[in-house]
Amino acid sequence: MTTSTSDQGSGFSLLDPQLVKPALWQSFVKLAPAAQWRNPVMFVVYIGSLLTTALWAISFSQPDVAGSEGRGFMLAIALWLWFTVIFANFAEALAEGRSKAQAASLRGLKTRSWAKKLEAPQHGAKWHPLQSDELRKGAVVLVEAGDLIPLDGEVIEGVASVDESAITGESAPVIRESGGDFSSVTGGTRVLSDWLVVRIGVNPGESFLDRMIAMVEGAKRQKTPNEIALSILLVALTLVFLVVTATLLPFSVFSVEAAGSGTVVSITALVSLLVCLIPTTIGGLLSAIGVAGMSRMMQANVIATSGRAVEAAGDVDVLMLDKTGTITLGNRQASSFVPAVGVSEAQLADAAQLASLSDETPEGRSIVVLAKTRFGLRERELGALQAHFVPFTAQTRMSGVDLGDALQPSRVIRKGAADAIRKHVEQLGGKLPVEVSQAVDEIARRGSTPLVVAEGNRVLGAVELKDIVKGGIKERFAELRRMGIKTVMITGDNKLTAAAIAAEAGVDDFLAEATPEAKLQLIRDYQAEGRLVAMTGDGTNDAPALAQADVAVAMNTGTQAAKEAGNMVDLDSNPTKLLEIVETGKQLLMTRGSLTTFSIANDVAKYFAIIPAMFVGVYPQLAALNVMALHSPSSAILSAVIFNALIIIALIPLALKGVAYRAIGAAALLRRNLAVYGLGGLIVPFIGIKAIDLLLVGLHLV
């Protein structure tokens with residue numbers, strides 16, 4: 001049985017043995033200097049581990065190296081420093097293991113199969129067998145019931161049910177057909193019934209599955225801009241503490257000579273101080289947080305082409321949402337015919353049905369069905385009518401049919417948006433009747449969509465299409481508003497319809513009568529104001545806007561052009577998923593910020609533990625800083641180092657699962673993080689170091 005990506009993502013618990021065992025092995029593999037060098041903070045700990053281990057080995061031949069602390073103390077410090085490095089490696093390896101498990105399940109879908117390559121791009125043409133990896137972009141294949149679709153492509157003929165559970169995790173088959181929004185097919189899925197003629201859209205090695213595998217492979221993950229910026233900050237802090245620690249040795253030598261008492265601080269103690277002061281917690285978990293963020297996106301059945309896209313989702317402050325399918329249920333149905341003066345409802349229904357016979361959209365089909373139901377208008381013999389259909393385009397915003405001779409048709413019927421039909425009839429010398437204009441406005445005020453039907457330069461009337469706003473969507477938008485995110489509804493409806501639905505749904509703004517050019521310009525306008533924009537799309541006409549948006553989510557059922565233009569693909573083809581994507585991105589940033597705050601705050605307790613222990617022999621007054629009443633200088637230093645290592649292990653579940661998402665504003669979120677992770681970062685180490693000190697004393701290890 002093939003494992004779906006969603007099953008794979010949710011099938012492992014955090015500490016599943018299938019993930020933990022390989023991660024433990026990788027923790028030691030990553031001890032190679034080349035691997036450690038990629039993380040500057042942990043590389044310093046790595047060098048400290050090597051140095052203390054070397055000093056411990058030297059102490060056997062030169063006992064003076066061990067000093068007053070003893071060889072056992074040096075060994076304990078060296079071991080716990082190694083544990084610190086290994087625990088950080090384990091966190092990264094565990095996160096990568098989850099992604100690699102997803103990649104392995106995806107590789108299982110890549111099977112070398114035989115394809116039926118057609119000699120002509122039509123059903124019934126001769127075909128010959130060809131291995132799927134020998135196909136090239138542009139080839140046309142026949143896929144029949146039981147066959148695997150060899151590579152990604154577009155359906156150019158036929159309709160069939162397809163099992164996409166291996167990709168999406170959904171067991172119910174989906175319908176794929178030529179034309180419309182459901183023409184895209186993915187390699188590795190299986191046709192269950194009927195047949196499809198598919199034009200291959202990619203070369204072998206460039207398919208959607210290949211891109212998914214490359215994305216989830218942790219080893220190939222590039223750092224995002226925010227990660228790079230945070231890494232620079234962590235390196236700067238590390239360098240500052242390195243300089244401070246290095247100056248303490250000559251200072252200690254001078255102090256002992258001047259006071260005539262005490263002992264010079266040891267290299268082992270200085271290394272311990274450095275490791276405890278540099279931000280090892282976030283340094284050790286930073287990579288794991290990024291990999292886990294990508295993994296969580298995979299579990300939501302969303303494929304991001306880069307970590308940059310996931311991160312940008314967390315910074316988004318404008319959401320551009322298509323009305324149909326995102327804000328409304330998306331199944332607009334024709335509900336009534338509103339004829340013009342002097343036109344019967346049956347005449348309007350007849351013309352509307354003729355204009356919709358080749359319309360494969362749900363709206364077009366519903367017009368055909370309504371005319372048939374109301375007036376018994378049945379299927380027409382298109383050959384006898386000499387029908388020449390005019391397809392809908394985003395630019396003209398209308399479609400229709402010409403009957404009779406192609407050069408001089410006897411009937412020219414068009415249906416479409418009111419303003420598009422008005423311009424059309426005006427060009428032919430007609431005009432939009434006042435009563436039809438009023439009917440259009442009335443339909444729009446009810447939140448329905450009006451379509452106007454015209455024959456030649458005569459307007460016959462309007463068709464009302466009804467849609468329903470999704471339940472709970474208004475509350476979701478209110479949450480986003482509290483977070484400072486602006487929602488913009490995109491629709492091809494006229495301004496009155498758009499305004500009515502926008503008010504009902506609770507969006508902040510809307511773009512009515514939207515064309516691809518208008519969407520692209522709106523995105524550019526927001527970006528010129530310094531905002532980050534997210535949007536969804538599925539059609540070729542959405543591709544320019546998707547390419548311009550900062551977070552562009554293409555639907556899996558969409559066209560190849562839309563998928564290539566976007567930086568994310570939703571396997572479920574659910575436009576509402578954009579809201580979840582933003583939440584996941586914000587959760588990633590919240591997790592990184594929270595653990596950074598905790599990491600820097602918990603240095604304070606280690607300072608109070610180690611500094612008095614190092615210099616109390618020279619300056620007895622420093623004993624006042626031993627607020628935790630630690631047993632001895634050796635136990636104080638060892639307790640701080642042990643806590644520094646264990647806290648990484650303790651925070652791995654939080655780094656992988658992420659901080660709980662809350663829909664609150666940035667200021668409120670900052671206050672909460674400072675209270676929980678800032679204050680917590682101050683208090684927890686005091687409790688933890690003291691507890692470890694008591695345990696060491698109780699076990700007579702110091």
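Here are a few friendly notes on four helices and what they pack against.

1. Before the details, a word on the model. This is a predicted model, in which local features need pLDDT of at least 70 and side-chain atom pairs count only at pLDDT 80 or more, while totals for chains, interfaces and linings use all residues. Residues are numbered from 1 along each chain as its sequence is written, and side-chain values use heavy atoms, with hydrogens and water left out.

2. Let's begin with helix 24 (residues 603-615); helices (H or I, at least four residues) and strands (E, at least two) are DSSP runs, numbered from the N terminus. Of the 13 residues in helix 24, 10 are buried (under 20% relative accessible area, with a 1.4 Å probe and protein chains only). Among them are Ala605, Lys606, Ala609, Ile610, Ile611 and Pro612. The cover over these buried residues includes helix 8, helix 9 (267-277), helix 23 (577-601), helix 25 (633-657) and helix 26 (666-698).

3. The length of helix 24 checks out nicely. Its end C-alpha atoms are 18 Å apart, which agrees with the 18 Å expected for 13 residues at 1.5 Å a residue (the expected span is 1.5 Å times one less than the number of residues).

4. Next comes one of its neighbours. Helix 8 (residues 225-259) packs on helix 24 at an angle of about 15°, with the axes 13 Å apart (axes are lines fitted to C-alpha atoms, for helices over the stretch in contact, and angles run from 0 to 180 degrees between N-to-C directions). That makes the two helices roughly parallel (angles under 35 degrees). Phe241, Leu248, Phe251 and Ser252 of helix 8 make the contact with Asp603, Met614 and Phe615 of helix 24 (contact means heavy atoms within 4.5 Å).

5. A second pair is helix 17 (434-445) and helix 19 (residues 495-505). Their axes come within 7 Å and cross at roughly 15°, so helix 17 and helix 19 are also roughly parallel to each other. On the helix 17 side, Asp441, Ala444 and Arg445 meet Leu496, Thr497 and Ala500 of helix 19.

6. Finally, look at helix 16 (residues 418-427), where Ala418, Asp419, Ala420, Ile421, His424 and Val425 are buried. Helix 17 turns up again here: the cover over the buried residues of helix 16 includes helix 17 along with strand 13 (398-404), strand 14 (409-416), strand 15 (449-455) and strand 16 (458-466). After helix 16 comes Gly429, with a positive phi near 95°.

Notes:
Angles under 35 degrees count as roughly parallel, over 145 as roughly antiparallel, 65 to 115 as roughly perpendicular and the rest as oblique. Buried means under 20% relative accessible area, exposed over 50%, partly exposed in between (1.4 Å probe, protein chains only).
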